[in-house]
Every structure is written in structure tokens, then in C-alpha cells.
Amino acid sequence: MQNNNAVAFERLVTIMDDLREKCPWDKKQTIDTLRQLTIEETYELADAITDHDWKGIKEELGDILLHIVFYAKIGAEQNKFTLDEVINGVCEKLIFRHPHIYSDVKVEDEEEVKRNWEKIKMKEGKQSVLSGVPKSLPATVKAMRLQEKAKQVGFEWENKDQVWEKVEEEKQELLDAIASGDKEHTEEELGDLFFSLINFARFLQIDAENALEKTNKKFISRFTKMEATAKEDGKALQDMTLEEMDGIWNKIKKQQQQ
């Protein structure tokens with residue numbers, strides 16, 4: 001009996017073939033027109049993951065899977081690659097990069113797996129351990145990936161106390177830059193402080209990007225509730241003093257913490 005996953009995947013491929021042939025919108029799409037849509041779908045998946053919205057995760061995974069099949073369809077039309085080549089390519093890569101599973105290499109833990117992974121990629125022709133980090137990644141995620149990559153070759157602090165010392169050092173350098181009045185230098189030192197805080201979060205085993213996004217969502221929730229509360233009182237935020245808004249804010253904060 002054929003595997004249910006295979007049946008479902010074949011159904012999606014067949015539907016994609018139909019849409020590409022019969023739907024005016026789908027027929028017009030190119031890798032360039034799909035690019036932004038794929039980015040949006042990826043962020044929608046990231047939002048669902050942050051919220052632990054399993055229903056949303058399931059839906060967004062389907063959307064991204066559709067995009068993968070769509071790109072492969074276009075690739076086949078352009079005689080660049082086929083869907084089979086995409087799938088088999090990643091299978092071969094996984095087998096090659098997991099010699100502790102598919103060969104006789106022995107590893108002690110997750111960290112050794114990561115180190116071996118980087119060594120293998122260098123053998124594949126990578127010029128730098130950092131070369132696999134996409135240029136277009138959001139800055140926070142990019143910082144996390146750069147730090148993790150550097151760690152695999154031993155460029156790493158020994159403990160979180162050392163990292164916090166670096167945070168304090170960067171904080172003082174930022175204050176000195178602010179005092180100097182040099183805006184460009186201030187920007188540089190602020191970036192250094194952000195980078196150090198992201199590194200500290202990594203040592204705490206906290207996803208800095210996710211932590212910041214949760215704070216963004218919390219701010220949106222409290223701010224919109226503050227707007228609604230003011231409106232109920234017949235007021236608009238722009239007509240209120242900071243002290244009045246802060247009073248509402250603190251009430252909302254207290255309610256959410258209960």
C-alpha cells in the first residue's frame with residue numbers, strides 16, 4: 001500500500017500541473033514574482049511558530065510546500081532542474097553530512113555534530129565558515145547565525161559571565177560615543193551592544209529574535225488596549241498627557257500579569 005505522504009504529495013504535484021496549465025494567474029508567475037510571496041509566507045509561518053499556533057503552523061507549512069513545488073515546476077519548464085532532482089539532492093546532502101548516521105563516524109553530542117557539519121561544508125568548497133549565512137537575513141537572526149557558526153571553530157566565550165562583561169564594556173563604549181557627539185560612532189557602538197546582547201541571549205539558550213518579537217506583540221497588545229481604554233473614556237491619545245497614558249499603560253500591564 002502506497003504511503004499516505006506520497007499520495008498526498010503526488011496530489012499536490014498534480015494540482016500544480018493543472019494550475020500552471022489552466023489558471024491565468026498561475027501561468028503568469030515566475031521565480032521573481034513568487035519571491036516576495038515566499039518571503040511573506042515564511043514570515044507568516046514564523047508568526048505562527050512564535051504564537052505556538054499549531055493550526056496556523058500546519059496551514060503555513062502547506063503554503064510553503066506549495067511554493068517549493070511551484071519553483072520546481074518552473075525550474076523544469078526552464079530545463080534547469082526537476083522536482084526529483086530537488087528532493088534527491090537534499091537527500092544526498094543529508095546523508096553526506098550525517099556520517100554519524102550513515103557511516104562509521106562517532107559523535108558524543110549535538111555540538112560535535114555541528115562541528116562536523118561545518119568541517120564537511122568546508123570540504124564541499126565553502127571559503128569561510130560564515131559563507132553559508134544568507135546576506136538578506138534580518139539583522140538579529142543573522143547575528144545569531146554568525147555567532148553560532150563562529151562557535152563551531154572554537155571562536156567562543158567560555159561562559160555567560162564573560163559575555164556579560166562584554167555587554168557592560170560595549171555599553172560603556174556606547175555611552176562614551178554618545179558623549180562625544182559623533183553620531184556615526186554612536187551607531188557603531190549601538191550595533192556592537194546589540195550584537196553582544198544577542199550573544200548573551202544565545203548563552204542563555206534564548207532565541208533573541210523570538211524574544212524581541214514576543215515583546216513587539218506584547219507592546220502592540222498593550223498599546224491597542226490603551227487606545228481602546230482612552231476611547232471608552234471619550235479621549236484620544238494625542239490629547240492626553242504622557243502621565244495619563246502611562247497610568248492606563250500600567251493598569252493594563254498589571255492586568256496582563258495577573
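These questions and answers walk through a predicted model, from its cores to its salt bridges.

Trainee: Which helix gives the most to the largest nonpolar core?
Mentor: That core has nine residues, among them Leu 12, Met 16, Val 69 and Phe 70. Helix H1 (4–22) and helix H4 (54–77) each supply at least two of its residues. With four residues, the top contributor is H4.

Trainee: Which residues does Met 16 touch, not counting those up to four places away in sequence?
Mentor: Met 16 belongs to the largest nonpolar core, as do Val 69 and Phe 70. Its contacts take in both of those core residues. The full list is Asp 26, Leu 66, Val 69, Phe 70 and Lys 73.

Trainee: How many residues are in the second, separate core?
Mentor: This core includes Met 226, Met 240, Ile 248 and Ile 252. Those are part of the set, and the total is eight.

Trainee: Which helix supplies the largest share of the nonpolar surface patch?
Mentor: The patch consists of Trp 164, Leu 190, Phe 194 and Leu 197, with about 360 Å² of accessible area together. Trp 164 sits in helix H9 (residues 160–180). Three residues of the patch come from helix H10.

Trainee: Is Trp 164 buried, partly exposed or exposed?
Mentor: Buried needs under 20% relative accessible area, and exposed needs over 50%. Trp 164 has 37%, so the class is partly exposed.

Trainee: What distance separates the C-alpha atoms of Ile 87 and Ala 72?
Mentor: Ile 87 lies in helix H5 (residues 83–97). Its relative accessible area is 33%, which means it is partly exposed. Ala 72 is a member of the largest nonpolar core. The two residues are 15 apart along the chain, and their C-alpha atoms are separated by 9.9 Å.

Trainee: How many disulfides does the structure hold?
Mentor: Take two cysteines. Cys 23 is partly exposed, at 23% relative accessibility. Cys 91 is also partly exposed, at 33%. A disulfide needs two cysteine sulfur atoms within 2.5 Å. The disulfide count is zero.

Trainee: Where is His 52, with its positive phi?
Mentor: Most residues other than glycine have a negative phi. His 52 has a phi near 50°. At 61% relative accessibility, His 52 is exposed. Its place is the loop between helix H3 (31–50) and H4.

Trainee: What is the phi of Asn 79?
Mentor: Asn 79 is found in the loop between H4 and H5. It is exposed, because its relative accessible area is 70%. Its phi is positive, near 60°.

Trainee: Why does Glu 148 count as buried?
Mentor: Glu 148 is in helix H8 (residues 139–151). Leaving aside neighbours within four places in sequence, its contacts are Glu 111, Lys 114 and Arg 202. The cut-off for buried is under 20%. Glu 148 is buried because its relative accessible area is 15%.

Trainee: How many residues separate Arg 202 and Glu 148 along the chain?
Mentor: They form a salt bridge, with the closest N and O atoms 3.9 Å apart. Arg 202 is in helix H10 and Glu 148 in helix H8, so the pair links distant parts of the chain, 54 residues apart.

Trainee: What is the closest N and O distance in the salt bridge of Arg 202 with Glu 156?
Mentor: Glu 156 is in the loop between H8 and H9, 46 residues from Arg 202. Arg 202 is buried, at 16% relative accessibility. Glu 156 is partly exposed, at 25%. The closest N and O atoms are 2.8 Å apart.

Trainee: Which helix holds both Glu 170 and Lys 166?
Mentor: Their side chains meet in a salt bridge of 3.4 Å, N to O. Glu 170 is buried at 6% relative accessibility, while Lys 166 is partly exposed at 25%. They are four residues apart, about one turn, in helix H9.

Trainee: How many salt bridges does a search of the whole structure find?
Mentor: One network of salt bridges links Asp 51, Glu 213 and Lys 217. Arg 202 bridges to Glu 148 and to Glu 156. For the whole structure, the count is eight.

Notes: Residues are numbered from 1 along each chain as its sequence is written. This is a predicted model: local features need pLDDT of at least 70, side-chain atom pairs count only at pLDDT 80 or more; totals for chains, interfaces and linings use all residues. Side-chain values use heavy atoms; hydrogens and water are left out. A nonpolar core is a set of buried Ala, Val, Leu, Ile, Met, Phe, Trp, Tyr and Cys residues joined through side-chain atoms within 4.5 Å. Buried means under 20% relative accessible area, exposed over 50%, partly exposed in between (1.4 Å probe, protein chains only). Contact means heavy atoms within 4.5 Å. Patches are made of residues with over 30% relative accessible area and no salt bridge: like charges are joined within 9 Å, nonpolar side chains (Val, Leu, Ile, Met, Phe, Trp, Tyr) within 5 Å. Accessible areas come from the Shrake-Rupley method with a 1.4 Å probe; for residues, only the protein chains shown count as cover. A salt bridge is a side-chain nitrogen of Lys or Arg within 4 Å of a carboxyl oxygen of Asp or Glu.
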